Structures are given as structure tokens and as C-alpha cells.
Amino acid sequence: MGLVQWLKSQFLCQLIICYGFLVSGLLINLLQICTLPLWPINKQLARKINCKLGYSLTSQSVAILEWWSGTEVTLYTDPESCRHYGKENAIVILNHNFEIDFLCGWSFCDRFGLLGSSKCLAKKELSYMPIIGWMWYFLEMVFIKRKWEEDETCFVQSLQNLRDYPEKFWFLIQCEGTRFTAEKHRISMEVAEKKGLPKLKHHILPRTKGFWVAVQKLRGTVAAVYCCTLNFRNGETPTLRGVISGTTYHPDIYIRRIPLGSVPEDETECSAWLHKLYQEKDKFQEDYIQTGRFPGPIVTAPRSPWTLINWLVWTSLLLYTLCLVLFQVVTSGSILTTLATVFLCFAVSFGVRRMIGETEIRKSDDIITPVCQHHIN
Ligand SMILES: CC/C=C\C/C=C\C/C=C\C/C=C\C/C=C\C/C=C\CCC(=O)SCCNC(=O)CCNC(=O)[C@H](O)C(C)(C)COP(=O)(O)OP(=O)(O)OC[C@H]1O[C@@H](n2cnc3c(N)ncnc32)[C@H](O)[C@@H]1OP(=O)(O)O
Ligand SMILES: CCCCCCCCCCCCCCCC(=O)OC[C@@H](O)COP(=O)(O)O
């Protein structure tokens, strides 16, 4: 292990990264709250400002992925489709197998200039997560409880709100609705069998309602569906902890652009279309495991220096402030202040561990979840 790699793996470096993310995140949340009075006066301006603030926070994670851990997403796509990326609104479908799939998604968004404005369909619990969840609230992410009767009105309204969004955006739906685990896969294949659908090897059976409603409500607003299939070379199982401690991973992503006009309007047909798409995605994954590559040429989209600049500016400013505070604490000689500072360090470490925990596929996930149980009965 080289010196740089050793330094990256040290707890102090990780604590500094987490401190920077946490404090800048809270400041950005505060600035977002300051935009509240602007919403009734000039909604479009408020949205644009929030996109910039969102970028300033999210791009720190992208900088850590791309510049700190040296992880580069390799893009397999047709160059003709590539010309549209970043220039149109789209619904993105992505497999949900990896702990850092959202980071690879952000990296892809950044390459095409849509990092601040992109949206996802996320479980409601994530909206309560400090910093990220609060930021998403201002970015008009769509949250669901995964109980359709309770979700329908709010889901439809949130999608309709996006019809006049002032920035180009991608709307991510991970149709499996939960991360891949062996147990969830087994249960969903029992459902597939009951429904007479072909078995999938690398995906959980997709839930179709969310996709169908999104296509219906965003017709005329989005131009295409981007079918994204993500995998990692050499069977890597990446983690956010690994990224923060400087581990380089090797993600490959295959993107197919499908014009929205070719997605059926009728619910049953749209649902069948999505199931067929997942069967194709499953085949791509199988071929990837056999050959180590996706179909199509590799397209180069260089990483942006702005993610790095933004991250360095935040980190330097906050580190400087921290040093000043620590100096004051040490020279004050007050036991109470010292204890309060030590407590704050623990709080930062604890807070970030909890957030990272949200990204992890826990062992306990491999038991029957209530949502699966409900349907299988
Ligand atoms: C490399 C990256 C590349 C590109 C990325 C590009 C861009 C990224 C853009 C933006 C990034 C921005 C942010 C990203 C950051 C973070 C992302 C993180 C978070 C998102 C992760 C989540 O939160 S996932 C959880 C929430 N999302 C979802 O649940 C979406 C999927 N679900 C749906 O859409 C559902 O349809 C629903 C929840 C809306 C409604 O579900 P419901 O179950 O009520 O209805 P359905 O009709 O869909 O399903 C019922 C039928 O399903 C059958 N079924 C299937 N499987 C099962 C099973 N396992 N158990 C039981 N039943 C199952 C069932 O039989 C039902 O069939 P019927 O015939 O009876 O209807
Ligand atoms: C870079 C500095 C480090 C700071 C920590 C940043 C942590 C940010 C994490 C925010 C993004 C969280 C995205 C999590 C995705 C996710 O939550 O997927 C799970 C869902 O599918 C469904 O889960 P389940 O309830 O298990 O079915």
C-alpha cells in the first residue's frame, strides 16, 4: 500500500470528509430554508437556486467517488443516443443491486450536467434523513410509502409538479423497489412463477405501477426512457465505507435510450413491456458475467473538475474554521468546552455512520420484508 493510499484509509481523513459533508450539508439546508419566502413570489427562480444548492452538496459525494477513491464509471452506449443525454428530460430505470448505485447515478448525471436537478422515486423514510432527505424535499423528489392506496394522490401530484420544471432533469425509478438479496429474489421468483412470467436471474421482479404512472403523467415532459444496467468488474461488491476510505471500484454501465413514444399507454401493455425490458436487462447481466463487458461501444464523458473545486473550497473553509475553534478550545483551558468539543466529534462520527448505514444492504434484509410478505400471502 502506497503512502497516499495509506493516508486515505486513516480514520482522521475519513472524519474530516464526514465533518465537511455534514457541516456544509447543514449550511446548505439552512440556505434552502432561506429560499422559502421566494417560492410564492418567483417559484422558478427558487427552484433554480435550489438546484445550484443541491449541486453544491451532491457534487461533494461525486468528488469523493471520482477524485478521492478514483472510481470512474465506464459508459457503454450508442454515440447517437449519447448526443441526447443532458439535452432532454428522461425517465431512468436502473437495477438496484449495489450499495453505491446512487453514487454511480450521480456521477452519470454530473457528466451530462444534470446533477443538481435530477430526481428519483424514493421511499418516504429517506425524506426524514438529515441533510440529504431535507435537501431532496426542496429539490421536489418524489417520495412514496410503497402502499399504493396511500401514495397515489401525492405521487401523481408530485409528478404533475415536474411538468413545468425550469431545468432539464432525469427521473430515476428503481422498479424492483428494494435492493437485491437472495431471499427477496427467491420470493419474487415465486410471484413470477404464479404470474407465468419468465424467471430472472439477476433482478428482483419489477413493480410496474410506479413506472406506468410516471410514463403517463410525464408524457410530453420527458422524451425518452433510459434503460441503465449497472455492474462492477471482477464481481466487486462496493460500499460507501470503501469509497470514503479510498478504495477504487470499477463500475460499468450500459445505457439504452428508448423514445417514450414506444412505451405503451395501456397499463397492462406497459406492465408487460417493463417485464420484457427486465428480461433483456437480465440477459445483459448474464452476458456481462460471461464476457466482462456490455454490448455497444464505450463512450468517454470526462469527469468534471467542478466537483473537485467545490469539494476543496468547502473542505478548506470548514477545516480552517475547525482549526480556529480547536485552537480556542485548547487555549481556553475550559474542561467543559473541551468535553463539548469531544462530544461534537463523536456526534459527527455517529451521525455519518447512521447515514452510511442507510446505504448498506444489511444481513437482516435477507429475511422476508413486510412488503414481500404482504403480497406473497
Ligand atoms: C449508473 C446510474 C445510471 C443512471 C442513473 C441516472 C440518473 C440518476 C438520476 C437521479 C439520481 C437522483 C437521486 C438518486 C439518489 C438516490 C436514489 C436512492 C433512492 C431510491 C431507492 C429507493 O428508495 S427504492 C424504493 C422506492 N421506490 C420504489 O418502490 C419504486 C418501485 N416501485 C413501484 O414503482 C411500485 O409500483 C409502487 C411502490 C409505486 C406501487 O407498488 P405496488 O406493490 O402497490 O403495485 P405494483 O402493481 O407495482 O406491484 C404489485 C404487483 O407486484 C407483484 N409483485 C412483484 N414482485 C413481488 C414480490 N416480491 N412480492 C410480492 N408481490 C410482488 C404482485 O404480485 C402484484 O401483482 P398484481 O398482479 O397483484 O398487481
Ligand atoms: C460522502 C460523505 C459521506 C456522507 C454520507 C452520505 C450518505 C448519503 C446517502 C444518501 C443516499 C441514500 C440512498 C439510499 C438508497 C436506498 O435507501 O435504497 C434502499 C431502498 O431501495 C429500499 O430499501 P428497503 O427499505 O430495504 O427496501
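Good morning. I begin with the record: in an unreviewed entry, UniProt lists residues 12-39, 308-327 and 333-352 under "transmembrane region". Please keep in mind throughout that the model on the screen is a predicted one.

Let me take two of those spans in turn. Residues 308-327 are 100% helix and 0% strand, and the C-alpha atoms at the two ends of this span stand 28 Å apart. For residues 333-352, the chain is 90% helix, again with 0% strand. Here the end C-alpha atoms are separated by 29 Å.

The record has a further entry to consider. UniProt, once more in an unreviewed entry, assigns residues 90-212 the feature "domain: Phospholipid/glycerol acyltransferase". In the model, this span is 41% helix and 14% strand. Its end C-alpha atoms lie 14 Å apart.

I turn now to ligand 2. Which residues come nearest to ligand 2? They are Ile64, His96, Lys123, Arg146 and Thr178, out of 14 residues around the ligand. By class, the shell comprises seven nonpolar, three polar and four charged residues. Two helices, H10 (240-244) and H13 (335-359), each contribute at least two residues to that shell.

Three of the side chains deserve individual mention. For His96, a polar side-chain atom is placed 2.3 Å from an oxygen atom of ligand 2. In the case of Thr178, the distance from a side-chain N or O atom to an oxygen atom of the ligand is 2.5 Å. For Lys123, the corresponding separation between a side-chain N or O atom and a ligand oxygen atom is 2.9 Å. As for cover, ligand 2 on its own has 720 Å² of accessible area, and the protein covers 90% of it.

Finally, the interior space. How many cavities of 30 Å³ or more does the structure hold? There is one. The largest cavity contains about 40 Å³ of space. Its lining is made up of Thr58, Trp106, Leu115, Gly116, Ser118, Trp136, Leu139 and Met141. Are charged residues present in that lining or absent from it? They are absent: the lining has five nonpolar residues, three polar residues and no charged ones.

To close, I would return to the ligand. The shell around ligand 2 includes four charged residues, whereas the lining of the largest cavity has none. His96, Lys123 and Thr178, whose side-chain contacts I described, are among the residues that come nearest to ligand 2. Thank you; I would be glad to take questions.

Terms used: Residues are numbered from 1 along each chain as its sequence is written. Chains are lettered from A and ligands numbered from 1 in the order in which they are written. This is a predicted model: local features need pLDDT of at least 70, side-chain atom pairs count only at pLDDT 80 or more; totals for chains, interfaces and linings use all residues. Side-chain values use heavy atoms; hydrogens and water are left out. On a 1 Å grid over the protein atoms alone, a cavity is a set of points where a 1.4 Å probe fits but cannot get out, and a pocket is an open set with protein on both sides within 12 Å along at least five of seven lines; lining residues have an atom within 4 Å of a point. Grid points are joined across faces, edges and corners, and a volume is the space filled by probe spheres set on the points. Ala, Val, Leu, Ile, Met, Phe, Trp, Tyr, Cys and Pro count as nonpolar, Asp, Glu, Lys and Arg as charged, and the others, Gly among them, as polar. A residue is near a molecule or strand if one of its heavy atoms lies within 4 Å of it. A polar contact is a pair of N or O atoms within 3.5 Å; within protein, one must be able to donate a hydrogen and the other to accept it, and residues adjacent in sequence count only if both atoms are side-chain atoms. Accessible areas come from the Shrake-Rupley method with a 1.4 Å probe; for residues, only the protein chains shown count as cover. Helices (H or I, at least four residues) and strands (E, at least two) are DSSP runs, numbered from the N terminus. UniProt positions are given in the numbering used here, feature names are shortened, and annotations may be inferred rather than shown by experiment.
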